[in-house]
Amino acid sequence: MKKYVCTACDYVYDPEKGDPENGIPAGTPFEKLPNDWTCPLCGLGKEAFEEL
């Protein structure tokens with residue numbers, strides 16, 4: 001699965017880890033994240049992310 005990086009703060013979303021603190025289980029691809037999911041570090045939306 002592809003990783004994505006936040007262009008504002010360099011947080012990397014790794015689908016193998018998910019975002020368990022925000023209710024996203026491991027194994028969730030970026031494309032399947034809810035539309036209202038935001039970067040856990042800076043709070044920007046999915047549109048701020050680019051594929052690594």
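Let's start with the outside: the chain has an accessible surface of about 3400 Å², and 49% of that belongs to carbon and sulfur atoms. Keep in mind that this is a predicted model. As for the inside, 37% of the 52 residues count as buried.

On secondary structure, the chain comes to 0 helices and 3 strands, running β-β-β from the N terminus on. Its radius of gyration is 10 Å, close to the 10 Å that the globule rule gives for 52 residues, so the chain is as compact as a globular protein of that length. The C-alpha trace spans about 25 × 20 × 15 Å along its principal axes. Contacts between residues 24 or more positions apart make up 42% of those with a separation of 6 or more.

The strands form an open sheet in the order E2-E1-E3, with antiparallel pairing. E2 and E3 sit at the edges, each pairing on one side only. Strand E1 is joined to E3 by 3 bridges, and one pairing to look at is Tyr 4, whose bridge partner in E3 is Glu 51.

| Strand | Residues |
|---|---|
| E1 | 4-6 |
| E2 | 12-13 |
| E3 | 49-51 |

Now for the core. Which residues make up the largest nonpolar core? There are 11: Tyr 4, Cys 6, Tyr 11, Tyr 13, Ile 24, Phe 30, Leu 33, Trp 37, Cys 39, Ala 48 and Phe 49. Cys 6 is a handy place to zoom in: leaving aside residues up to four places away in sequence, Cys 6 touches Tyr 11, Cys 39, Cys 42, Ala 48 and Phe 49.

Note on methods: Residues are numbered from 1 along each chain as its sequence is written. This is a predicted model: local features need pLDDT of at least 70, side-chain atom pairs count only at pLDDT 80 or more; totals for chains, interfaces and linings use all residues. Side-chain values use heavy atoms; hydrogens and water are left out. Two strands pair if DSSP finds at least two bridges between them. Helices (H or I, at least four residues) and strands (E, at least two) are DSSP runs, numbered from the N terminus. A nonpolar core is a set of buried Ala, Val, Leu, Ile, Met, Phe, Trp, Tyr and Cys residues joined through side-chain atoms within 4.5 Å. Buried means under 20% relative accessible area, exposed over 50%, partly exposed in between (1.4 Å probe, protein chains only). Contact means heavy atoms within 4.5 Å. The radius of gyration is taken over C-alpha atoms; the globule rule is 2.2 Å times the number of residues to the power 0.38. Accessible areas come from the Shrake-Rupley method with a 1.4 Å probe; for residues, only the protein chains shown count as cover.
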